[in-house]
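Trainee: I should like to understand the terms used for this structure. May we set each value against its definition?

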Amino acid sequence: MNADSLDRRARIQCVGEALQARGLHLAVAESCTGGLLAANLTEQSGSSTWFEGGWVTYSNRAKQRDLAVPSSLFAEVGAVSGEVVTAMARGAIQRADIDYAVAISGVAGPGGGSEAKPVGTVWVGWGYRPSVGRNVTQPHVTTFATRFRFPGDRQAVREASVDVALRGLCAHLGGKGWSEQVASEWSSAHWPAAGLKWSED
């Protein structure tokens, strides 16, 4: 699956076919994209066979209530952070009892930016739980999150976030995995997170 050569519709089709062929399911947890990723996924005919559903958790309160994001993270690192999207992805997997999840949180603008998190800053997180662990009380969830700074207006930032989320799914389903090096191929707006002090678990 070569994500770089696919447009969005073809990329969604490839994600769906890969999930369906393996009997896997996907859920999403969105903040700044406000359900745009879910809307794009469900435009695909037959997506009900592999897309479980999702959450639009726009407020911090909703992230805590619906996805069990620890309240301490908002004071420590803020909603637009690797820790929060990782927790969102993990919460979606556990709440929906499925295999894959994508989480998005960012500053789409035109206001709300800061020196540390300027407008266009978006964190995207992915999670995967092997099916073999689904009957375990606390199954292991592999997560990855990385940061981008997308140019353009509010809609452009939201659209770019959806595209990157799909590219990350394609990478993992295609066997390429998740890493900062791989993520740098998904968009020229990749903003390396390697120097930041945070961990997945």
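Mentor: Let us begin with pairing: two strands pair if DSSP finds at least two bridges between them. Please keep in mind that this is a predicted model.

Trainee: What makes S4 and S5 a pair, and in which sense do they run?

Mentor: S4 and S5 share eight bridges, in the antiparallel sense. The definition asks for at least two bridges, so the term applies. Among the bridges, Val 124 has Thr 146 of S5 as its partner, and Trp 126 has Phe 144 of S5.

Trainee: How do you know that S3 also pairs with S4?

Mentor: Strand S3 (residues 100-106) and S4 are joined over seven bridges, again in the antiparallel sense. One of the residues involved is Tyr 100, whose bridge partner in S4 is Tyr 128.

Trainee: Where do these strands stand in the chain as a whole?

Mentor: The chain has seven helices and six strands, and along the sequence they follow the pattern α-β-α-β-α-α-α-β-β-β-α-α-β. The six strands form an open sheet in the order S2-S1-S3-S4-S5-S6, with mixed pairing.

Trainee: Why are S2 and S6 called edge strands?

Mentor: Strand S2 (51-56) and strand S6 (190-191) each have a single partner strand, so one side of each has no neighbour in the sheet.

Trainee: What makes S4 largely enclosed?

Mentor: Eight of the eight residues of S4 are buried, so the rest of the structure largely encloses this strand. Both faces are covered. On one side the buried residues are Thr 121, Trp 123, Gly 125 and Gly 127, and on the other they are Val 122, Val 124, Trp 126 and Tyr 128. For the chain, buried residues make up 54% of the 201 residues.

Trainee: Why is Gly 127 called buried, and what does it contact?

Mentor: Gly 127 lies in strand S4. Its relative accessibility is 0%, so it counts as buried under the cut-off of 20%. Beyond its neighbours within four places in sequence, Gly 127 contacts several residues, including Ala 89, Ile 93, Tyr 100 and Trp 178. Val 141 is also in contact with Gly 127; the C-alpha atoms of these two residues, 14 residues apart along the chain, are separated by 6.4 Å.

Trainee: How many aromatic pairs are found in the whole structure?

Mentor: The search finds six aromatic pairs. In one of them, the rings of Trp 50 and Phe 51 have centres 6.4 Å apart and planes at 65°, so this pair is edge-to-face. The limits behind that conclusion are centres within 6.5 Å and planes over 60 degrees apart. Trp 50 is buried, with a relative accessible area of 2%, and Phe 51 is buried as well, at 11%.

Trainee: Why is the pair of Trp 126 and Phe 144 called stacked?

Mentor: The rings of Trp 126 and Phe 144 are 6.0 Å apart, centre to centre, with 20° between the planes. Planes under 30 degrees apart count as stacked, so the name follows. This pair links distant parts of the chain: Trp 126 is in strand S4 (residues 121-128) and Phe 144 in strand S5 (residues 142-149), 18 residues apart. Both Trp 126 and Phe 144 are buried, and together with Trp 178 and Trp 186 they form one aromatic cluster.

Trainee: What makes Arg 147 a charge over a ring?

Mentor: The charged end of Arg 147 sits over the ring of Trp 191, 3.7 Å from its centre. The distance limit for this term is 6 Å, and a condition on the angle to the ring normal also applies.

Trainee: How many disulfides does the structure hold, and how do you know that Cys 14 is not bonded to Cys 170?

Mentor: The structure holds zero disulfides. The cysteine sulfur closest to that of Cys 14 is in Cys 170, at 6.2 Å, which is too far for a bond; the limit is 2.5 Å.

Trainee: Are these two cysteines buried or partly exposed?

Mentor: Cys 14 has 22% relative accessibility, so it counts as partly exposed. Cys 170 has a relative accessible area of 1% and is therefore buried.

Trainee: What share of the contacts joins residues far apart in sequence?

Mentor: Among contacts with a separation of 6 or more, 66% are between residues 24 or more positions apart.

Notes
Residues numbered from 1 in each chain as written. Predicted model: local features only at pLDDT ≥ 70, side-chain atom pairs only at ≥ 80, totals over all residues. Heavy atoms only, no water. Buried < 20%, exposed > 50% of the residue type's maximum accessible area, 1.4 Å probe, protein only. Helix = DSSP H or I, 4+ residues; strand = E, 2+ residues; numbered from the N terminus. Lys NZ or Arg CZ within 6 Å of the ring centre and 35° of its normal. Contact = heavy atoms within 4.5 Å.
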